[in-house]
Amino acid sequence: MLELKNVCKTFHAGTPDEKKALIDVSLKIEDGDFVSIIGANGAGKSTLFNAICGSFVLDSGSIYLGGKNVTMVPEHQRARQIGRLFQDPMRGSAPDMSIEENLALAAGNGGWLSRVSAADKKSFRDRLSLLGMGLEDRMRQPVGLLSGGQRQALTLLMATYHVPKVLLLDEHTAALDPGTAEKVLALTQSIVEENHITCLMITHNMQSALDLGNRTLMMDRGRVIYDVTGEERASLTISDLTDKFRQLSGRALDNDRMLLGVAE
Ligand SMILES: Nc1ncnc2c1ncn2[C@@H]1O[C@H](COP(=O)(O)OP(=O)(O)OP(=O)(O)O)[C@@H](O)[C@H]1O
């Protein structure tokens, strides 16, 4: 479904600020894979997502989506096939538009309710009720009135309204309180599994990284240093992950939020 071949990206090349953000990254993500991604601060995790979305031109390497080489396809065209959620719940939906207008945007009706069929409206209501947040009874309210968790759940629904070729979750629960984060993660898991969505999720929560999905990648200094699936992954603990990091990178893990998560 998604393949990266020898992808390299250096920011500010040839200057004192030079930063090699992705170094020869090759990855093959199968259809229906749910991959969690962890790593040190500045490891290149968000840059990996930006590369997949086409936010910049690669220095070298290529990216295939659904078997098609999209390396030179501009970001706005790739966006139709890629769903993305960010840490900030305020991104991804339009605050001044109502819940149903936002869903009309996601459905491809340009946000125009006059273009939304009765069947689509019923589908909006049905999908909202699956979130278990009562949003199906607030469809005419502006999205700006929703809480962070409600807004992130709505954004998840919008990003998956038409099943994307790949769903990219960039620490999408990190700004939520622990209870809400758990709820949004559970929703994520059910939506991804029910729709058989190919998904990559960056998280600083090592337990979530192990609990969700079928594969975990660990990144450090622009490289994927550990890629684990199957029985080996099933038997891993958080402490195994921090040990692995030390062993493979030659230093201690420096992701403050990941370490805080361990201490909690
Ligand atoms: N547009 C950019 N211009 C210059 N440098 C950048 C740019 N984007 C990322 N970088 C640098 O590339 C490196 C990787 O950044 P990235 O945001 O991908 O890390 P990350 O793994 O997501 O980190 P974190 O967990 O801290 O969010 C960092 O050193 C960052 O400062």
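# Why the labels fit

Reader: Which residue in β2 is the bridge partner of phenylalanine 11?

Author: Lysine 19 in β2 is the bridge partner of phenylalanine 11. The model is predicted: local features need pLDDT of at least 70, side-chain atom pairs count only at pLDDT 80 or more, and totals for chains, interfaces and linings use all residues. Residues are numbered from 1 along each chain as its sequence is written.

Reader: What makes β1 and β2 count as joined strands?

Author: Seven bridges join β1 (residues 2-11) to β2, and the two run antiparallel. Two strands pair if DSSP finds at least two bridges between them. Seven meets that cut-off, so β1 and β2 pair. The names come from DSSP runs, numbered from the N terminus: E over at least two residues for a strand, H or I over at least four for a helix.

Reader: Why are β2 and β5 called edge strands?

Author: The open sheet has four strands in the order β2-β1-β4-β5, with antiparallel pairing. β2 and β5 (68-69) each pair on one side only.

Reader: How do you know that α1 lies across β1, β2 and β4?

Author: Contacts are the test: two residues touch if their C-beta atoms, placed from the backbone, lie within 7 Å. α1 lies across β1, β2 and β4 (60-65), at about 65 degrees to β2. For such angles, axes are lines fitted to C-alpha atoms, for helices over the stretch in contact, and values run from 0 to 180 degrees between N-to-C directions.

Reader: Which residues come nearest to the ligand?

Author: Phe11, Ala21, Lys45, Ser46 and Thr47 come nearest, out of 13 residues around the ligand. β2 (19-29) and α1 (45-53) are the elements that give two or more residues to that shell. α1 gives the largest share, three residues. To be near, a residue needs its C-beta atom, placed from the backbone, within 6 Å of the molecule or strand.

Reader: How many residues of each class are in the shell around the ligand?

Author: The shell has three nonpolar, eight polar and two charged residues. Ala, Val, Leu, Ile, Met, Phe, Trp, Tyr, Cys and Pro count as nonpolar; Asp, Glu, Lys and Arg are charged; the others, Gly among them, are polar.

Reader: Why is histidine 12 called exposed or buried?

Author: Histidine 12 has 9 C-beta neighbours inside 10 Å. A residue is exposed if 12 or fewer other C-beta atoms, placed from the backbone, lie within 10 Å of its own, buried at 20 or more, and partly exposed in between. Nine falls in the lowest range, so histidine 12 counts as exposed. Histidine 12 sits in the loop between β1 and β2. Its phi is positive, about 50 degrees, although it is not a glycine.

Reader: What puts proline 95 in its class?

Author: Proline 95 has 12 C-beta neighbours inside 10 Å. The rule says 12 or fewer, so proline 95 counts as exposed. Proline 95 lies in the loop between β6 and α3 (99-107). Beyond four places in sequence, proline 95 touches Pro142, Val143 and Gly144.

Reader: What makes leucine 103 buried or exposed?

Author: Leucine 103 has 29 C-beta neighbours inside 10 Å. The buried class starts at 20, so leucine 103 counts as buried. Leucine 103 belongs to helix α3. Beyond four places in sequence, its contacts are Phe124, Met158 and Tyr161.

Reader: How many residues of β7 are buried?

Author: Five of the five residues in β7 (166-170) are buried, and the strand is mostly covered. Val166, Leu168 and Asp170 point one way, Leu167 and Leu169 the other. In a regular strand, side chains alternate between the two faces of the sheet.

Reader: How many bridges join β7 to β8?

Author: Four bridges join β7 to β8 (residues 199-202), and the strands run parallel. Four meets the minimum of two, so they pair. Aspartate 170 has isoleucine 202 in β8 as its bridge partner.

Reader: What makes the unit of β7, α6 and β8 right-handed?

Author: With the strands pointing away from the viewer, the path from the first strand over the helix to the second runs clockwise in a right-handed crossover. β7, α6 (residues 178-194) and β8 form a right-handed β-α-β unit.

Reader: What is the order of the six strands in the open sheet with mixed pairing?

Author: The order is β6-β7-β8-β3-β9-β10. β6 and β10 (223-229) are the edge strands, each pairing on one side only. Neighbouring strands are turned by 15 degrees against each other on average, direction ignored.
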